[in-house]
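Reader: I would like to learn how to read a few backbone and interface features from coordinates alone. Please take them one at a time.

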Amino acid sequence: MQEEIFISGRHLPKIDPFLEIWHWQISTYLFLGGLSAGILFFAALFYLLGKENDMKATIKTATIIAPLALIIGLGTLFIDLSHKLYFWRLYTTVRITSPMSWGAWVLLLITPLSILWVLSYSTEIFPSLNLKFSWLKNFQSFLIKNRKLMAIALIPLSIILGVYTGILLSAFNARPLWNNAILGPLFLTSGLSTGAASILLFSKSHFERKIMSKIDLALIFIELFLITHMLMGMYAGSQVQLEAMQILVSGDYTVMFFVFVIILGLLIPAVLELTELIGFKVPIIIPSLLVLMGGLIFRIVMINAGQLTRYLY
Amino acid sequence: MTTSRRTFIKISALGLGGVAASTSVLKVFGANTFMGDFVQKKTAKRLKRTATYCEVCFWKCAEWAYSNDNGEIIKLIGNDIDPHCNGRLCPRGTGGVGMLNDEDRLKTPLIRTTVNGEQTYREATWQEALDLIASKMKTVKEKYGAESFALFKHGSPGSHLEHLFKAYGSDTIAEPAYAQCRGPRETGFALTFGAWIGSPEPTDIRDTKCLVLIGSHIGENMHNSQVQEMSDAIDNGATIITVDPRLSTAASKSKHWLAIKPGTDIALLLAWMNVIINENLYNKDYIEKYTFGFDKLKEHVKEFTPEWAYGITTIKPEEIRKTARIMANAAPAVIVHPGRHVVWYGDDSQRERAIAILNGLLGSWGKRGGFYLNESVSLPKFPHPDYPKPKWGWEALGRKYPYAEMGITSELIKASIPNKENEFPIKAWIVAGTNLINTVPQREEIIKAIDSLEFIAVIDTMPMEITGYADVILPECTYLERYDGIRSATFREPSIALRQPIVQPKYNSKPAWWISKELGMRLNLQDYYNYNDYEEVIKWQLEKLGTSLEEMIQVGVKKFDRQTPLYIADGDEYKFDTPSGKIEFYSDDLASKGFDPMPIYKLHPEPPQGYFRLNYGRSPMHTFSRTINNPYLNALKSENKLWVNPKIANIIGIKNEQEVWLENQDGILSTFSIKVRVTERIGWDSVYMYHGFGHNDKKLSRAYGKGISDTQMISNVAVDPLMGGTGLRGNFVKILTEDPHKN
Amino acid sequence: MRYAMVIDTLKCVGCSDCVVACQTENNVPIGYCRDWITETVDGSYPKVDIELKSERCNHCNNAPCVRCCPTGASHIVEGGIVLVTADECIGCGACIESCPYDARYQHPDGYVDKCTFCHHRIEKGELPACVSVCPTKCMCFGDLDDPNSQVSNLLKERKYKVLAPEAGTSPNIYYLIK
């Protein structure tokens with residue numbers, strides 16, 4: 001029998017017996033970040049494709065979620081900091097090697113940009129809204145003139161934001177579950193998919209729904225492919241990666257991962273969206289909410305399970 | 001099966017559990033680390049160091065206390081010139097400041113009182129408490145004689161109280177450190193070499209070529225300089241042979257670990273003698289010159305062949321031969337270590353004699369790398385009138401045991417239980433610095449004694465279990481807050497060390513010397529306390545020794561030149577303090593008193609079906625039961641675990657970290673539960689736990705209810721007929737998976 | 001200059017003096033630690049081996065904690081010592097997640113804390129507290145760039161290992177195993 005124990009010293013809060021440094025705040029933040037990235041990406045993309053009138057939810061109404069989600073996400077991120085008074089230190093330096101630093105700067109750019117985007121459509125989103133001040137009206141018309149520029153900026157920023165939520169984790173060599181290059185594209189795909197799902201909730205046009213459903217369906221398949229790829233990569237990996245895989249496949253998180261993420265969060269919405277595309281009537285709210293729930297639980301699983309995995313020596 | 005840090009994964013709840021935990025926002029905003037660091041750095045520069053010596057264990061290492069401008073002790077560092085520690089304290093010494101800062105300390109004198117029919121303690125002034133104790137001492141003296149007032153003691157406070165008791169007319173004094181610990185080895189070695197082992201042991205481990213440990217777990221017992229020297233010996237390529245049913249830390253450092261069947265050590269020792277004599281490996285000149293009874297010994301061990309021992313000890317004959325030859329090759333630079341806590345099976349003096357005889361055969365006594373001849377400075381006695389001669393005392397109570405040379409705690413306890421045939425009844429106790437409840441076996445007996453006593457006063461720094469039985473509790477200040485006697489111990493070179501107050505006593509606590517003196521004054525013993533402050537005694541003694549308090553404050557430790565040689569040179573005449581003047585392989589004295597003149601192996605009881613022998617030992621981070629509540633040391637180890645072999649765990653269906661209870665052969669149930677440690681470090685017939693845990697006094701906030709007290713589970717005692725030692729290793733426990741206290 | 005610690009597992013008895021000494025030297029709050037002891041037991045009774053080790057921050061050459069720190073609070077100073085500046089730390093926890101040795105913790109005051117190799121003592125020419133108190137003298141501290149230092153010599157003469165080499169951090173704490 002082999003035994004490995006701490007003789008003394010180690011009962012560090014939030015570290016022993018296993019890491020619990022990051023909690024729901026980070027999972028929520030990653031989910032909301034991905035979601036906003038998806039929404040803003042589609043808004044900018046279809047705006048540039050000139051679909052402003054056909055894709056109203058995508059470009060206009062749904063985008064209101066983005067700044068809200070980003071602000072809530074930043075809020076949860078802030079709650080998670082344990083030395084909060086010094087948060088401004090993030091913006092006195094740029095650390096190229098630190099995904100966290102990248103994230104901080106991207107958020108600093110994309111959050112105001114998303115607010116400006118919503119502001120530029122505010123009168124269309126809320127027809128009853130009456131801008132009281134003339135300078136605000138002037139500012140809005142200035143924004144409307146520069147929508148194209150905003151859209152051009154939003155495309156790369158939203159992709160960086162989406163990828164960053166994954167790279168934040170995959171940069172941690174010490175946590176074998178996180179440490180694989182698929183996590184960036186996987187989180188981006190998942191983010192885009194949750195973005196598409198939220199747009200679907202807002203969309204009233206059949207045309208727009210059909211496009212977004214098709215996109216979402218494609219994203220779900222890509223996501224499934226990437227998840228399979230990730231698990232296969234771990235399966236082919238070292239002992240620590242195998243153990244990481246086991247947590248998802250035959251461990252504490254198997255139920256959460258397979259039932260809530262794979263089946264309820266990906267497969268069933270895919271079937272439902274497919275059914276609808278074929279022509280049967282399915283209330284769009286069901287697959288959309290399932291996708292959103294799947295996206296959130298996926299991040300909770302990855303954050304919590306990842307902190308259980310470690311190198312052994 | 002695998003247990004590791006990883007298996008915690010399996011016991012973790014489903015991942016959403018993290019939702020509940022988050023950082024306290026207020027706390028984070030409230031802190032200003034920059035200022036904190038700044039202040040710390042500023043003060044760190046101005047640490048003042050003061051010399052003292054440690055009292056966390058009996059090794060008494062000299063140290064420097066570093067304190068800041070606010071007079072707070074920041075750290076304790078060993079004194080470089082002290083041979084006890086060589087500048088390196090052990091974890092307990094380093095964490096000694098936790099003793100001072102423990103907020104659970106006894107803070108003020110307490111007197112037992114009855115409020116609305118319920119017994120409780122009330123806070124009292126020193127005046128009241130001391131008056132009460134003094135009046136009880138007077139009453140007992142008038143009614144029964146001073147002899148009926150007994151003192152149980154340990155460590156430095158004990159010596160101050162001992163002075164009081166002797167002046168008062170009582171010699172009814174005992175300390176568990178004798179009959180519950182090292183007594184048998186002093187008897188065994190005194191009978192053989194005419195000399196006690198004493199403390200620190202004169203083992204020349206630093207220069208040895210072969211160190212043999214019989215159940216001794218150096219490294220888990222942090223007898224500081226010995227641990228250091230064992231490490232040096234490893235560096236020097238010395239062979240370590242460890243005899244232990246458990247893979248102790250020392251066993252894991254040994255070239256040869258003999259996983260002996262518990263209780264059979266004498267058989268192994270006899271077989272080693274057999275090999276050494278049969279193969280002519282003994283030191284002929286040494287034996288010729290210094291020993292007595294070799295031929296009788298040769299005849300005696302003839303039949304004890306390794307093959308014979310194999311059947312008893314389970315150690316293979318070739319292993320016994322190989323290790324015997326290694327010892328002989330290394331001789332005389334070989335140490336068969338006498339151990340320290342040696343009260344095991346009731347024939348412990350005889351086992352220690354076997355160890356002593358083996359050392360004699362190897363010629364290691366008085367030799368480099370074996371046992372050096374220790375020497376200490378004798379401290380001049382501060383003048384006082386002669387003590388009155390008591391009519392009876394510890395000697396009378398231990399008269400059944402002809403070789404007892406100190407008070408036997410368990411006999412004093414017995415004499416405290418009313419019994420018409422008892423000519424020497426004890427009626428009252430003072431207990432100073434020893435927690436009898438977690439130190440002495442047979443708890444029921446102690447409680448019975450306590451129930452019948454007229455009065456008990458307890459002097460301690462912490463609310464140990466024993467304080468809960470006291471009529472008066474006196475809070476002693478810790479060693480960092482007081483003067484104590486000068487340390488003069490045996491070592492290669494004699495040295496003395498100073499203890500002085502580093503900080504003012506916290507709360508309303510007082511040093512033991514002051515308590516002793518105040519009681520003495522109330523008993524009209526002024527002549528025995530011809531000083532106002534103990535500092536005067538120390539000053540006087542230091543001046544007599546040719547130094548001064550001023551010098552000692554500067555250096556902390558002072559070494560003296562030896563007056564006698566460190567080793568016996570080859571061929572030198574040397575007279576041993578035994579009846580024959582030689583090393584006695586055969587003891588006429590033992591024979592004349594009806595004991596075995598040479599050790600023989602006797603079978604000891606085996607655990608019955610379903611029970612396991614309870615073994616126990618030291619954790620390196622703790623000193624017995626007294627340090628468990630120390631905040632630093634408690635953070636290192638807060639509970640003990642029950643070591644169980646994986647195969648046994650499998651059979652009885654228990655898992656690592658599972659909570660279990662114990663029931664011993666006499667039906668005694670453990671008060672608390674203990675977590676299981678499934679480990680290959682222990683065999684199939686015994687379980688093991690660290691000693692000192694399982695405190696049941698709630699006032700010890702960190703130690704209360706953590707683990708099981710091994711002492712509680714020891715109700716069967718095998719008494720050593722030579723010196724009254726209480727053999728504690730013959731207790732067997734059953735593992736219970738259900739809480740026996742439910743309903 | 002490259003500071004390193006060489007720890008002899010054949011001599012360590014796991015007494016944890018290093019842990020307490022670090023706590024009193026560095027004012028580490030009770031319940032927290034910058035160093036700790038692990039025990040590994042291998043084999044089957046009575047053929048069993050134990051390895052005892054004092055562990056702490058490995059002051060890696062390729063330190064993931066320094067790389068992932070978003071503010072530069074975690075940094076490397078002369079001699080390769082990895083330090084954390086409390087006033088630059090935001091407590092994001094990234095460095096804790098990044099350390100394969102779990103050598104960092106959140107101080108109750110919020111910032112991240114860890115072993116400094118007793119940088120304040122080294123500056124004065126003293127040894128780290130843990131090394132200076134160890135009763136078995138199983139720990140050795142020195143400069144690996146100096147070929148004649150005791151640490152360099154030990155690594156030349158003895159068989160050693162580092163912890164989690166597969167994590168690729170190039171640690172500077174070496175364990176003598178033979």
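Author: Begin with a helix of chain B, α6(B), whose buried residues are B:A129, B:L130, B:I133, B:K136, B:M137 and B:V140. Buried means that 20 or more other C-beta atoms lie within 10 Å of the residue's own, exposed means 12 or fewer, and partly exposed is in between, with C-beta atoms placed from the backbone. Helices (H or I, at least four residues) and strands (E, at least two) are DSSP runs, numbered from the N terminus. The model is predicted: local features need pLDDT of at least 70, side-chain atom pairs count only at pLDDT 80 or more, and totals for chains, interfaces and linings use all residues. Residues are numbered from 1 along each chain as its sequence is written, while chains are lettered from A and ligands numbered from 1 in the order in which they are written.

Reader: How do the buried residues of α6(B) fall when seen down its axis?

Author: An α-helix has 3.6 residues a turn, so residues three or four places apart point the same way. In α6(B) the buried residues fall within an arc of 125° (taken over the directions from the helix axis to the C-beta atoms), so they line one face. The face turned away from them carries exposed B:Q127, B:E142 and B:K143.

Reader: What span should the 18 residues of α6(B) have?

Author: The expected span is 1.5 Å times one less than the number of residues. For α6(B), residues 126-143, that gives 26 Å, and the end C-alpha atoms are 25 Å apart, which agrees. Just after the helix, B:G145 takes a positive phi of about 100°.

Reader: Which residue other than glycine has a positive phi near 45°?

Author: That is C:H59, in the loop between β3 and α2 of chain C. C:H59 is buried, with 26 other C-beta atoms within 10 Å. C:N27, also not a glycine, has a positive phi of about 55°, but counts as partly exposed because it has 13 C-beta neighbours inside 10 Å.

Reader: Where is the cis peptide bond with omega of about 0°?

Author: It joins C:Y45 and C:P46; C:P46 lies in the loop between β2 and β3 of chain C.

Reader: How many residues does each chain bring to the contact between C and A?

Author: Chain C brings 44 residues and chain A 40, where contact means C-beta atoms, placed from the backbone, within 7 Å. On the chain C side, the largest share, nine residues, comes from β2(C). Strand β1 of chain A runs antiparallel to β2(C), joined by five bridges; strands pair if DSSP finds at least two bridges between them. One bridge partners A:E4 with C:T40.

Definitions and conventions
Two residues are in contact if their C-beta atoms, placed from the backbone, lie within 7 Å.
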